[in-house]
Each structure stands twice: as C-alpha cells, then as structure tokens.
Amino acid sequence: MSDIRNIAIIAHVDHGKTTLVDQILRQAKVFRENEVVQECFLDNNDLERERGITILSKNISIRYKGVKINVIDTPGHSDFGGQVERVLKLADGVILLVDAAEGPMPQTRFVLDKALALNLRPVVVINKIDKPDGRPDEVQNKVFDLFCELNASDEQLDFPTLYASGRDGWAVRDLNDPRESIYPLLDAILEYVPAPKQVEGPVQAQVATLDYSNFVGRIGIGRVYRGTLDTRKPLTIIKRDGRQEPAQVKQLFTFEGIGRKETSVVECGDLCAIVGISDIDISDTICDAEHPEAMPAIAIDEPTISMLFRINDSPFFGREGKYVGSRQLRERLFKEVERDVALRVEDVNGEAFKVSGRGVLHLAILIETMRREGYEFAVAKPQVICKEIDGVKNEPIERLSVDVPSEFAGKIIEIVGMRRGELIQMESRGQRQLLDFFIPTRGLIGLRSKALTASQGEAIVSHLFDHYEPFKGPIPSRTNGTMVSMAQGKAIPFAIDGLQQRGEFFIEPGVDCYEGMIVGEHCKEGDLVVNIQRAKQLTNLRAAGSDRNMKIAPPRKMSLEQALEYIEDDELVEVTPKNIRLRKFFLTELERRRSRGKTASDL
C-alpha cells in the first residue's frame, strides 16, 4: 500500500506551520471553490485564535496524485513540546519549517533532534522568504550545521530544501523558479518521504496521542505498524505496565480531509482514531488476541512546574462563577488529565489540588479554559518541581533564547544574570543580537515581562527544558510590596487620588474591593494597608482654593500569566469568569501577622 505518506510539520513557535497547512488544504481542493474559510483553519480553539499559537496537534489528510498524505500539524511552543515528541512516532517524514530571518531557534533544535532519533526523512522548508530581512542562504547553512551537530545520518543530511511563503501560498525548489503554487512541496513529499513499510503478521497498533469527546470519552489516535486492524476480530490491549486486557473497539476512524471517516478495517501504515476503550492511554499497544506482543513504550515528559488550585474563599465567593465547589473543581481537573497526559493532579486536602505541568503557559491555558467554562477558584504561585539525584537536590534548567536589538543586549544579560542565568552563546544578526543562556526554570517566572520592559517591547523570548543541575541558590524575588485594601466596598476616586504617590494601582475607581484584596503595588518594600473606601468629608463651606483637581493615572491591567508571575508565596490569584483579582492568602491584617513566614503551599 504505497499510496500513503505520513508527515509531521515541525518548527519553532510562530514560524508559520498552521498557515502553510491552510494553503495545502486550499490548493489540494479540500474546500469547495466558493467556501469561505477562516485563516489558520486548524487553530479552531478560541484560545488558539486569540494567542496565535497551536496548542493541540491536529491530524488531517489530503489526496494528491492518487496518494493519501496524512499531515500532522504540531504545536511550536515549548510548553507543549511533549505532544510533538509523541506524534512524531506516527510519521515517516517531517517538514522542518524555518523562518528565513530568524533561522533555527531552540524549539527547532529540540524537535529536529527527536525526528532524527526516530530516523525520519526530513524536508526542509525555509518559510517567510518575502520578509525584508530574510537571509535564506545563510539560514540554509545554519540548518545544515544544526543537522551535523545533531549527528544526522548521511541519508538525512541529503535533505531537499524548498523556499516558501506560506501566507502567499507558494513553494519553489530554486529561488529563481516561478512562484505559483504549493505543489512543488507536495511533489517533494512524494519523492523524498518513504511510504510506510508493509509488515505482514498479527496486527500491532500503538496509541501516540489522545482526543476526548463528552459523548464517547477517550479517543486513542495511533498508527497500525503491523498487519491489518479489524474491529470484527478479537483484540487485546497491552498497557504501559504490561497488563493485558480484552479490547472491544466500538468504532474505528481514518482521517479524510479535515474530518474523520468511519471504517471497520485500517491497513498497515495508516493513522486511525480508536473509540470504545474507556481507559485507553498513550503508549498502549492494540494487538491480536492470539498473538499479544507489546511495542516499546513511548516516553512522556515529566512536569517541571506545579501550582496549587483551591476553592475561592474570598467575600465575593459565588458571585460570578457557575461552578464554585471543591467537588466540581476536582471533577474538572481529573477530566483534564484524561485528555492531557503531560498534566498531573494530586488531591492535597479535599479543598486544594496540586496541578503539575510543563510550564506557566501550559497551566495558564488550563486556567483560562476553566474560567471561560464558568469555574471560580484561586491559584497560588507557580513552584518548580525539583528532583533528588544521588542525594543532591537538582532543579530543571532551561535553554533560553532572547532576540533583542543590540543596544538592549547588556540590559538583558544583566536581568538574566540576576536570575542565575549563564550566557553560552552570543550571535550578531545585523541590528539585533541573539543571546543564548542556561537558566533555572525558577528564573523564567516573570522574566518575559521584565525583558519586554527593558527592551521597549522589542525582545523575542523563547525557552526549552534542557536538563537538571544541582540547586543554584536563591533568586531575588519582587522587591516592592503591595497595597492591600483594609475594608470592603467600592474604590472611591478621592481615596485613590490621595494614595497615588504611594504606588501604582491595579484597579479603577468604582471597582468592588474586599479586605485583603491587592489593589496596587507599593513604591517601597513591605505591604501597605490602605483605605480606598475613604470618601471626601463634605461641609457646607466652599472655596475655590481648597478643592484640588483629581488626576487619576490609568491602572496597570494584568493578563492571567502576568498575574501568576507577579504574586509571591503568601498571595493568590482569584480567577472568575468575569475578573482576575490578586489577594493575600490571609485576608485580615491580624491573621497575616500571626502567620508571617508561612506560604500558601504550607496551608
């Protein structure tokens, strides 16, 4: 069955994977001529569209010259790198997309390393050729150097290079060729990516990724590596720990266009979605009942960051959320574990749950999804997960890459150095510098906003987990204290105006506040308890000189990630469908004095 090709599109975040897949779908006539199709069609999740990133890998297929090409669009952000690692098991080749200006970046190295280790055939596409600062020849040399660094085989080093503009819908083998369509890329796939090997014998299929449906539960997405998967024959599922259970597959789907097509038989080498096995998991092998034989287990990335999720116990409890109880919070978190294998959830005391993930963005996406569904809860400061290796406490170290204008490079090096980062490489790119560091994961919390401030919004920050190292010592935390409301009620403009010299506010006049809520940042160390409900004392005397004009500065608005990075150990982020508030763990001043030194994770 040589009329199948399985290919994954891999690249660093924002190098144009989903846009390229859009053009492949359009030019392969998957949509009708008159059909109106939104851009980045596969990013169909609201959060994916708002943030402009792919969060979940997607499977589609196209027909070209009588061949079915299964295309897997993968996430580019390092927090979702575990998904890329797994779905590469489904492919026989990869399209490595590299930006014509930025060149290979940390995630490019990570995904290419995994692809080469699996002996996949690469097709290199230098994308965004139409950029004014594009340097395709230099980038091609850098890609070749990267292949050599990663010990690619001679066959893999003989990769074809195409030049493309995913947005404009063309790809060419040579920069002088006419720029008309994406077909040269599809031709290169047929020419260089091998067809799946046809292995005869008892059926053997392995699950590499999961989908979830509220109607049928878990759906295992995998590939048939041997024989033919037939739902009418008796099957056995072999779990990661070696347990064998009879498997009753209720439905079997193959990928056709942007949808799925039900079938009863899947041939060797094709990808499929398996419905009906309730506890199906990553790495499970589905095989013939008479010849059970497990495939090698697929590695799953360990989490590096954990956060405490707890019920909201503020005075505004239940005002804005639909789901507010600990039972509802527990059900939702454990349901998320069903579909996201990179997530871990532990019940701490019935009211709080320790949720571990791959990074702050990974957990922030979960929090944002839950608040949009109507959940109301509070979360504590992200904590790094350390490991004990040979009796020594080790912490995760990340490879950090910062692309910044040359005049700000010194500031960035200083900021990263204060967070125990070590500069390992510095490369000049015209007016910009590319700085590479090794930095503890702890040091990344809050770094992006500081780097953007120091570089006047010009810094491009990306990072990727690299290895574990012995604990590097304390990292300086936030130096300024906070302004904390001392009472409940609406914020009065007169009070805010009088307190503006004490710091910067996070709220506008008229916002409802409660005792213990953080309303601003103090200009000095230490917290300041303020009365923002204080109204002006009115008398029946008026004089032009005694009334002052109020000029209230606009408040600092924080996104969810910024709020998570801002808080300290004794503070929480209160998340509701309508608001994100900062608050102290202990709401009254008396409780805070009694518990000085304790953190949210201790309680």
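## Helix packing, nonpolar cores and backbone exceptions

In this predicted model, helix 8 (residues 326–339) and helix 9 (residues 360–372) have axes that come within 12 Å and cross at roughly 130 degrees. An angle over 145 degrees would count as roughly antiparallel; helix 8 and helix 9 are therefore oblique to each other. The crossing in which helix 8 passes helix 9 is right-handed. On the helix 8 side, the residues that meet the partner are Leu329, Arg332, Leu333 and Glu336, and their counterparts in helix 9 are Leu366, Thr369 and Met370.

A second helix pair is formed by helix 10 and helix 12, which pack at an angle of about 155 degrees with their axes 9 Å apart. Helix 10 and helix 12 are therefore roughly antiparallel to each other, and their crossing is right-handed. Lys411, Ile412, Ile415 and Val416 in helix 10 are in contact with Leu447, Lys450, Ala451 and Ala454 in helix 12.

The two pairs are set out below.

| Helix pair | Angle | Axes | Orientation |
|---|---|---|---|
| Helix 8 and helix 9 | roughly 130 degrees | within 12 Å | oblique |
| Helix 10 and helix 12 | about 155 degrees | 9 Å apart | roughly antiparallel |

Helix 10 also shows how burial is arranged around a helix. Within its span, residues 409–418, the residues Ala409, Ile412, Ile415 and Val416 are buried. These residues lie on the same side of helix 10, because they cover an arc of only 125 degrees around the axis. An α-helix has 3.6 residues a turn, so residues three or four places apart point the same way. The buried residues of helix 10 pack against helix 12 (447–454) and also against three strands: strand 24 (392–405), strand 25 (422–429) and strand 26 (432–440). Just after helix 10, Arg420 adopts a positive phi of about 70 degrees.

Most residues other than glycine have a negative phi. Two further residues with positive phi are found in loops. Lys65, which is not a glycine, has a positive phi of about 55 degrees and belongs to the loop between strand 2 (58–64) and strand 3 (67–73). Its relative accessible area of 61% makes Lys65 exposed. Asn119, also not a glycine, has a positive phi of about 60 degrees; its loop connects helix 4 (106–117) to strand 5 (121–127). Asn119 counts as exposed at 51% relative accessibility.

The interior can be described through its nonpolar cores. The largest nonpolar core holds 60 residues, of which Phe147, Leu229 and Ile274 touch the most other members. Leaving aside residues up to four places away in sequence, Ile274 touches Arg218, Ile219, Gly220, Leu229, Val249, Gln251, Leu252, Ile280 and Ile286. A second, separate core comprises 30 residues, including Leu329, Leu333, Leu560 and Ala563. Leu329 and Leu333 of this second core are also among the helix 8 residues that meet helix 9.

For the protein as a whole, the secondary structure amounts to 15 helices and 35 strands. Of its 603 residues, 54% are buried. Among contacts with a sequence separation of 6 or more, 72% join residues 24 or more positions apart.

Terms used
Residues numbered from 1 in each chain as written. Predicted model: local features only at pLDDT ≥ 70, side-chain atom pairs only at ≥ 80, totals over all residues. Heavy atoms only, no water. Buried < 20%, exposed > 50% of the residue type's maximum accessible area, 1.4 Å probe, protein only. Helix = DSSP H or I, 4+ residues; strand = E, 2+ residues; numbered from the N terminus. Arc of directions from axis to C-beta. Contact = heavy atoms within 4.5 Å. Core = buried A, V, L, I, M, F, W, Y, C linked by side-chain atoms within 4.5 Å. Axes fitted to C-alpha atoms, helices over the stretch in contact; angles between N-to-C directions. Parallel < 35°, antiparallel > 145°, perpendicular 65-115°, else oblique. Left-handed = near helix turned anticlockwise from the far one by under 90°.
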